[in-house]
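Please open the model in your viewer and keep the selection panel at hand. The stops below proceed from a sheet to a core and then to charged side chains.

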Amino acid sequence: MNMCLHTSVLFLLAATTAARAQPQYDLHLLPTLGGPDSRALAINNHAVIVGDSKIPGNNYAVATAWINLEPIFIGGSGGSVAQACAINDAGVAVGIIDDPPAAFVMPLPSGPPQTPPALADRLSSATTINAGSDIAGGWSTVIQQGIHPYIIRQGILTDLPVLGGSQGLVTSISNTGHIVGWSEFTDTTGQPAAVRWVEGIPERLPDLGGYAVAADVNDGGIMVGSVAAPGLGPSTAVLWSAAAELTPLGSLDPAHWRHEAMAINSQGQVVGTSGNRAFLWQDGMMRDLNTLTAAPGVLLVEARDISDTGLIVGVALVGNNTRGFLLVPRCCSDFDHDSDAGTDQDIEAFFACLAGNCCASCGNADFNGDGDTGTDADIEAFFRVLAGGSC
């Protein structure tokens, strides 16, 4: 189905991104906890990453964090699903730990993971946390089946209503209080619709008549996710403006069935997967992240999150195994990606990198991406970018 692009949305996003050149990235594959697989699911603005990783001899992954690219075990038995789903800038991670399934909150790196008291008598997961430490996700009980959306603010749990049916889930809370996710609706049994909760009331977002999920929302209220037509047709990666106007984001492989937008940052940059290839959408264009980084033998299949500083994390295929990845933008005046651009710390980090001691979230000593590392041209480009020029 062809749909008109909403120029107001595109203008809003272009206004924040037009000055950026096409990005290129340095790739870091995240180590596992000894097993064959890992996944990076979220990152904060200080380059702390959370997700899951397998340990030797277990079929399932355990909840994991990476600080300076080093893996830290959070929790899980390895016998069922456990993962860290989100992390705020204070370093507090949330997710789910198995046996029995329970939401957890954990300040990194100290721990240990704790189930919020308000969820103590429920099976639960925590999918999102914001700067104010509001937590949300879904819960159920043995007696009351199905997933029910909730939010916890200042320790008080509020059950959120759904559109119809009995199920729903909060997927994201912005720092400004926007809440999005999905809910069953009455006209199709068991089918999810993308929703945002406005003053606690679910509002169905525009879709194509089939299933739809809102995966993330930024502080400006701009939302991203995926929609599909009725039946078994392909999904479409989409953006909803703060006014709930729907914009399809395009695709990398139109013949493929899977196209999902998974995260959006404060700059309006969107990441996700299209045709099982990780993408970045900005300036009205979807780009294959595999073409923006040198990664022989690695296929970036899902971009799961993007920080406000432009760091991207997700899932790659390396042979037959999945590995979490971190992409670090080159040619950035916030060289250490600490959300503070052009500082003495960025200059110190750059020269440390020139000397062979790059921090985990730093750019590459080949600053200008010309294939020659640590040259006068890299130093000149770095100071030119610091002064507001182009790379």
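Begin by selecting strands S21, S22, S23 and S24, which form an open sheet in that order with antiparallel pairing. This model is predicted, not experimental. At the edges lie strand S21 (259–264) and strand S24 (285–288), each of which pairs on one side only. Viewed from one strand to the next, the twist averages 30°.

Next, restrict the selection to strand S22 (residues 270–274) and S23. The two run antiparallel and are joined by five bridges. Which residue in S23 is the bridge partner of serine 274? The partner is arginine 277.

Now select valine 271 and display its surroundings. Apart from neighbours within four places in sequence, valine 271 is in contact with Ala261, Met262, Ala263, Phe279, Leu280, Ala303, Arg304, Asp305, Ile306 and Ile312.

Valine 271 also leads to the next stop, the largest nonpolar core, which has 16 residues. Select Tyr25, Val271, Leu289, Leu300, Ile312 and Leu327, the residues with the most contacts inside this core. At least two core residues are supplied by each of strand S23 (277–282), strand S25 (299–306), strand S26 (312–318) and strand S27 (321–329). S25 provides the largest share, namely three residues.

Turn then to the charged side chains. The model contains 13 salt bridges. Select glutamate 302 and arginine 304, whose side chains meet in a salt bridge at 3.1 Å, N to O. Is glutamate 302 buried or exposed? Glutamate 302 counts as buried because its relative accessibility is 12%, under the 20% limit. Arginine 304, in contrast, is partly exposed, with a relative accessible area of 25%. Add Arg258 and Glu260 to the selection: salt bridges that share partners join these two, Glu302 and Arg304 into one network.

Within that network, focus on arginine 258 and glutamate 260. Their side chains form a salt bridge with an N to O distance of 3.1 Å. Arginine 258 is buried, at a relative accessible area of 14%.

For the last stop, select arginine 204 and aspartate 207, whose side chains meet in a salt bridge at 3.0 Å, N to O. Arginine 204 is partly exposed, with a relative accessible area of 32%. Aspartate 207 counts as buried because its relative accessibility, 19%, is under 20%.

Technical notes: Residues numbered from 1 in each chain as written. Predicted model: local features only at pLDDT ≥ 70, side-chain atom pairs only at ≥ 80, totals over all residues. Heavy atoms only, no water. Core = buried A, V, L, I, M, F, W, Y, C linked by side-chain atoms within 4.5 Å. Buried < 20%, exposed > 50% of the residue type's maximum accessible area, 1.4 Å probe, protein only. Helix = DSSP H or I, 4+ residues; strand = E, 2+ residues; numbered from the N terminus. Contact = heavy atoms within 4.5 Å. Pairing = 2+ DSSP bridges. Axes fitted to C-alpha atoms, helices over the stretch in contact; angles between N-to-C directions. Salt bridge = Lys/Arg side-chain N within 4 Å of Asp/Glu carboxyl O.
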